[in-house]
Amino acid sequence: MGKNTFINGKQQENTERLTGLAFYKDDLRFLAFKHSERSTKNANKTDLLEIAHYKNQFIIQRNNIDELIYLVKTDEKRLVDWIEESLLPKKTPLKTHQNFEQVQLDSFKKAFVKLRSDYFCFLAKSL
């Protein structure tokens, strides 16, 4: 794999990751909106506990999304730094580009899908 192919592939991956995270962030806004509607309705004590639980989970997932966006942007900056260093004369040692951990993104997606599914089950049973 050539250097240009590698760079283009990494840029494409990061663009796709940011687009996906923007989707999840929008979806989370929608869930939080539905949640605020639900929490204003009459609820029993058990529902109030679950409402608080999901509110906390939405906050956690929002923080996770922000952290992942930061990691992707950091990866993009490292890629730019790597490119700039490779263009410099070979006096300075060349740092290797560190890959973004896809495992973190996959783990977030699984947790988010489960949270979304659990929340819709909660909404369905509480209506």
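Asp 27 lies in helix H1. The model is predicted. Asp 27 has a relative accessible area of 10%, so the residue is buried. Beyond its neighbours within four places in sequence, Asp 27 is in contact with Phe 112 and Arg 116. The contact with Arg 116 includes a salt bridge between the side chains, at 2.6 Å from N to O. Asp 27 belongs to helix H1 and Arg 116 to helix H3, so this pair ties together parts that are 89 residues apart in sequence. The two partners differ in burial class: Asp 27 is buried, whereas Arg 116 is partly exposed, with a relative accessible area of 29%.

Aromatic residues also join these helices. The structure holds 10 aromatic pairs. One of them is formed by Tyr 24 and Phe 112, whose ring centres are 5.0 Å apart. The ring planes stand at 75°, and edge-to-face pairs are those with planes over 60 degrees apart, so this pair is edge-to-face. Tyr 24 lies in helix H1 (residues 3–40) and Phe 112 in helix H3 (residues 102–126). The pair therefore ties together parts that are 88 residues apart in sequence. Both rings belong to buried residues. Tyr 24 has 14% relative accessibility, and Phe 112 has a relative accessible area of 1%. Both values fall under 20%, so both residues count as buried. Phe 112 thus appears twice in this account, because the residue pairs with Tyr 24 and is in contact with Asp 27.

Further ring pairs form a cluster. Its members are Tyr 54, Phe 58, Tyr 119, Phe 120 and Phe 122. Tyr 119 was examined in more detail. Leaving aside neighbours within four places in sequence, Tyr 119 is in contact with Tyr 54 and Phe 58, which are also in the cluster. Its other contacts of this kind are Leu 31, Lys 34, His 35 and Arg 38.

The next feature is the nonpolar core. In soluble globular proteins, nonpolar side chains tend to be buried together. In this model, the largest nonpolar core has 18 residues. Those with the most contacts inside the core are Leu 21, Phe 58, Ile 65, Phe 108 and Tyr 119. Helices H1, H2 (45–87) and H3 each give two or more residues to this core. Phe 58 and Tyr 119 are named both here and in the aromatic cluster.

Charged pairs complete the picture. The structure holds 11 salt bridges. Besides the pair of Asp 27 and Arg 116, two others were examined. Arg 17 forms a salt bridge with Glu 13, and their closest N and O atoms are 3.5 Å apart. Both residues lie in helix H1, four residues apart, which is about one turn of the helix. Arg 17 counts as buried, at 8% relative accessibility. Glu 13 counts as partly exposed, at 35%.

A salt bridge in helix H2 has a similar spacing. Lys 77 and Asp 81 meet through their side chains, at 3.2 Å from N to O. They too are four residues apart, about one turn of helix H2. Lys 77 is exposed, at 53% relative accessibility, while Asp 81 is partly exposed, at 25%. Elsewhere, salt bridges that share partners join Lys 10, Glu 13, Arg 17 and Asp 75 into one network.

Note on methods. Residues numbered from 1 in each chain as written. Predicted model: local features only at pLDDT ≥ 70, side-chain atom pairs only at ≥ 80, totals over all residues. Heavy atoms only, no water. Phe/Tyr/Trp six-rings, centres within 6.5 Å; stacked < 30°, edge-to-face > 60°. Buried < 20%, exposed > 50% of the residue type's maximum accessible area, 1.4 Å probe, protein only. Core = buried A, V, L, I, M, F, W, Y, C linked by side-chain atoms within 4.5 Å. Contact = heavy atoms within 4.5 Å. Salt bridge = Lys/Arg side-chain N within 4 Å of Asp/Glu carboxyl O.
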